[in-house]
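Visitor: I'd like to learn how to read a structure like this one, feature by feature. Could you walk me through it?

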Amino acid sequence: QVQLVESGGGLVQPGGSLRLSCTPSRSIFGISTMAWYRQAPGKRRELVARIISGGNTNYPDSVKGRFTISRDNAKNSVDLQMNALKPEDSAVYYCYAIADLRQYWGQGTQVTVSS
């Protein structure tokens, strides 16, 4: 069984930074898109960053200019650099990958932004 493994979550003060990482437990063939989603209690899961194999990225307005997604295609890994964090960024962050018709999700890593 292959799964995505996230790391780097934790508690950070408002305005602080955090870097999340995601790596498959085993090599995954044919990943085209990798992304980060987040879900706060009582809210829908939302996309926070996406990157395709060619390097094009997408961000919602809520994180644009503060978050940066990057990937290493050779390792099928993806990172999310989060700067200027706000309390509203608090959520469980999930790594996501698409490989043809296959979808992979991580188990999530908690990010809490609080003083």
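**Arg38 and its surroundings**

Guide: Let's start with a side chain: that of Arg38 makes a polar contact with the side chain of Glu46 at 2.8 Å. A polar contact here is a pair of N or O atoms within 3.5 Å; within protein, one must be able to donate a hydrogen and the other to accept it, and residues adjacent in sequence count only if both atoms are side-chain atoms. Keep in mind that this is a predicted model: local features need pLDDT of at least 70, side-chain atom pairs count only at pLDDT 80 or more, and totals for chains, interfaces and linings use all residues. Residues are numbered from 1 along each chain as its sequence is written, and side-chain values use heavy atoms, with hydrogens and water left out.

Visitor: Which other side chain makes a polar contact with that of Arg38?

Guide: Asp89, at 2.9 Å.

Visitor: Is Arg38 buried or exposed?

Guide: Buried means under 20% relative accessible area, exposed over 50%, partly exposed in between (1.4 Å probe, protein chains only). Arg38 has a relative accessible area of 5%, so it counts as buried. Contact means heavy atoms within 4.5 Å, and beyond its neighbours within four places in sequence, Arg38 has contacts that include Arg44, Ser62, Phe67 and Ala91.

Visitor: Where does Arg38 sit in the strands?

Guide: Strands (E, at least two residues) and helices (H or I, at least four) are DSSP runs, numbered from the N terminus. Arg38 belongs to strand E4, where seven of the nine residues are buried. Two strands pair if DSSP finds at least two bridges between them. E4 pairs antiparallel with E9 over eight bridges, and six bridges join E4 to E5, also antiparallel. Arg38 stands opposite Tyr93 in E9, while its bridge partner in E5 is Glu46. That puts Glu46 in two roles, as bridge partner and as polar contact of the Arg38 side chain.

Visitor: What lies between E4 and E5 in their hairpin?

Guide: Six residues, and Gly42 takes a positive phi near 75° there.

Visitor: How do I read the open sheet of four strands?

Guide: Follow the order, E1-E3-E8-E7, with antiparallel pairing. E1 (4-7) and E7 (67-72) are the edge strands, each pairing on one side only. E1 is joined to E3 (residues 18-24) by four bridges, and Glu6 stands opposite Cys22 in E3.

Visitor: Cys22 makes me think of disulfides. How many does a search of the whole structure find?

Guide: A disulfide is a covalent bond between the sulfur atoms of two cysteines. The cut-off used is sulfur atoms within 2.5 Å, and the search finds one. Cys22 and Cys95 form it, with their sulfur atoms 2.0 Å apart. This links distant parts of the chain, since Cys22 is in E3 and Cys95 in E9, 73 residues apart. The S-S torsion is about -85°, so the disulfide is left-handed. Both cysteines, Cys22 and Cys95, are buried.

Visitor: And which residues have the most contacts inside the largest nonpolar core?

Guide: In soluble globular proteins, nonpolar side chains tend to be buried together. A nonpolar core is a set of buried Ala, Val, Leu, Ile, Met, Phe, Trp, Tyr and Cys residues joined through side-chain atoms within 4.5 Å. The largest one has 28 residues, and Trp36, Val78, Leu80, Met82 and Tyr93 have the most contacts inside it. E9 gives the largest share, five residues. Met82, for its part, touches residues including Leu18, Leu20, Tyr93 and Val111, not counting those up to four places away in sequence.
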